Amino acid sequence: MANIGFIGLGNMGLPMAINLVKAGHAVTGFDLSSVAKEAAQDAGLSIVNEMIAVTKDAEIVVSMLPNGAIAKSVVQEILPDMADGSLLIDCSTIDVSSAREIHEMAEKSNKLCLDAPVSGGVGGATAGTLTFMVGGSDEAFAKASNALDIMGQKAVHCGDGGSGQGAKICNNMLLGISMIGAGEAFALAEKLGLDRGKLFDVISTSSGSCWSVNTYCPVPDVGPKSPADNNYEPGFAASLMLKDLGLAMEAARDAGASTPLGKHATDIYNQMSELDHGDKDFSAVINLLSKLD
Ligand code: NAD
């Protein structure tokens, strides 16, 4: 069992850290917020007040932070205190260029490093069923495998440093677009007087089938239970979708890729946020679409 430091004990980080403890690892946690610290202590996690106390004896440090600027500043601060050859796993969802900079900093400092953003949300973090999209060396991936297996059900080694973040934003850009498509189809069907249950039966077994319809249908009372059945409580909040689309648009600009639907989807989720619906599940975009005509 390893000594693991965990930085960022918010909605996602805390349940991930708890799963590492339950599996028998010695986990020491740090967070800036007193609310997060208290919640972590209540959950039985060992909490320290100085970041150095998390890193100095850690074989692995996991970070789960809000954005690239914060992740970079935390990594810059902890690298000198981490032992040579120890491993940093940054699970935050951040921009590809910050992820690459973190890899460069770690390499210069003789530390192993992975970018390992997740899919699966708070439910997946709690159940230990996250999917990790991982970028970094084979050596780092091998060293992380036990911790990733505990916190998730699948870890895909996507390639070199930054490729985990790249895979995550490509997936989420597609998801954001496809949910708008699903919303448009069900909103049109309603105007045409179609029964939504019948439409679900057709689409879910036809060429339009996709996760946004089959698993996470944006209308209530059809298909598996989804946020639509619970007044669009997230799930995956529209504000988080907007964040990931912003990262995708930034990466597309840097790479010179053409993403017209990604851009349009960003504008639509942005409208949701401007209407103060950013805290609703992203599938509530159907309610905006229904009102657009
Ligand atoms: P959160 O805001 O609940 O948690 C972030 C934590 O980081 C907070 O407790 C905050 O106090 C702490 N923090 C901020 N700056 C810090 C610093 N300098 N040092 C130490 N701690 C610091 O956010 P979350 O929902 O847990 O998301 C974390 C990451 O996971 C984000 O990058 C998010 O995009 C990604 N993510 C979230 C979800 C989700 O459903 N919530 C799903 C997939 C990915």
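**Exercise 1. Describe the lining of the largest pocket by residue class, and then say which elements build it.**

Let's start with the classes: 24 nonpolar, 17 polar and five charged residues make up the lining of the largest pocket. Keep in mind as you work that this is a predicted model.

Next, find the centre. The lining counts 46 residues, and M12, M64, T93, F236 and L240 are the ones nearest the centre of the pocket. The volume of this pocket is about 1300 Å³.

Now turn to the elements. At least two lining residues come from each of α4, β7 (118-119), α6, α8 (163-191), α10 (211-214) and α11. The top contributor to the lining is α8, with six residues.

**Exercise 2. Locate the ligand and describe the shell of residues around it.**

Begin with the site: the ligand takes up the space of the largest pocket. Within the shell around the ligand, the elements that provide two or more residues are α4 (68-78), α6 (121-127) and α11 (238-255).

Then look at the shell itself. It holds 23 residues, with N11, M12, D31, L65 and K243 the closest to the ligand. M12 therefore deserves a second look in your viewer, as a residue within 4 Å of the ligand that is also among those nearest the pocket centre.

Finish with the classes: the shell residues split into 13 nonpolar, seven polar and three charged.

**Exercise 3. Find polar atoms of the protein that lie within 3.5 Å of N or O atoms of the ligand, and state how much of the ligand is covered.**

Take the side chains to begin with. D31 places a polar side-chain atom 2.6 Å from a ligand oxygen atom. For K243, a polar side-chain atom is 2.8 Å from an oxygen atom of the ligand.

Now check the backbone. At L32, a backbone N or O atom lies 3.5 Å from a nitrogen atom of the ligand.

As a last step, consider the cover: of the 830 Å² of accessible area that the ligand has on its own, the protein covers 83%.

**Exercise 4. Identify unusual backbone geometry and place each case in the fold.**

Here is the background: most peptide bonds are trans, and phi is negative in most residues other than glycine.

Start with the peptide bonds. Between P234 and G235 the bond is cis, its omega being near 15°. G235 sits in the loop that runs between α10 and α11.

Move on to phi. N110, which is not a glycine, has a positive phi near 60°; its place is the loop between α5 (96-108) and β6 (112-115). D276 is another non-glycine residue with positive phi, about 65°, and it belongs to the loop between α12 (260-274) and α13 (285-292).

Notes
Residues are numbered from 1 along each chain as its sequence is written. This is a predicted model: local features need pLDDT of at least 70, side-chain atom pairs count only at pLDDT 80 or more; totals for chains, interfaces and linings use all residues. Side-chain values use heavy atoms; hydrogens and water are left out. A polar contact is a pair of N or O atoms within 3.5 Å; within protein, one must be able to donate a hydrogen and the other to accept it, and residues adjacent in sequence count only if both atoms are side-chain atoms. Accessible areas come from the Shrake-Rupley method with a 1.4 Å probe; for residues, only the protein chains shown count as cover. On a 1 Å grid over the protein atoms alone, a cavity is a set of points where a 1.4 Å probe fits but cannot get out, and a pocket is an open set with protein on both sides within 12 Å along at least five of seven lines; lining residues have an atom within 4 Å of a point. A molecule sits in a cavity or pocket if more than half of its atoms lie within 2 Å of its grid points. Helices (H or I, at least four residues) and strands (E, at least two) are DSSP runs, numbered from the N terminus. Ala, Val, Leu, Ile, Met, Phe, Trp, Tyr, Cys and Pro count as nonpolar, Asp, Glu, Lys and Arg as charged, and the others, Gly among them, as polar. Grid points are joined across faces, edges and corners, and a volume is the space filled by probe spheres set on the points.
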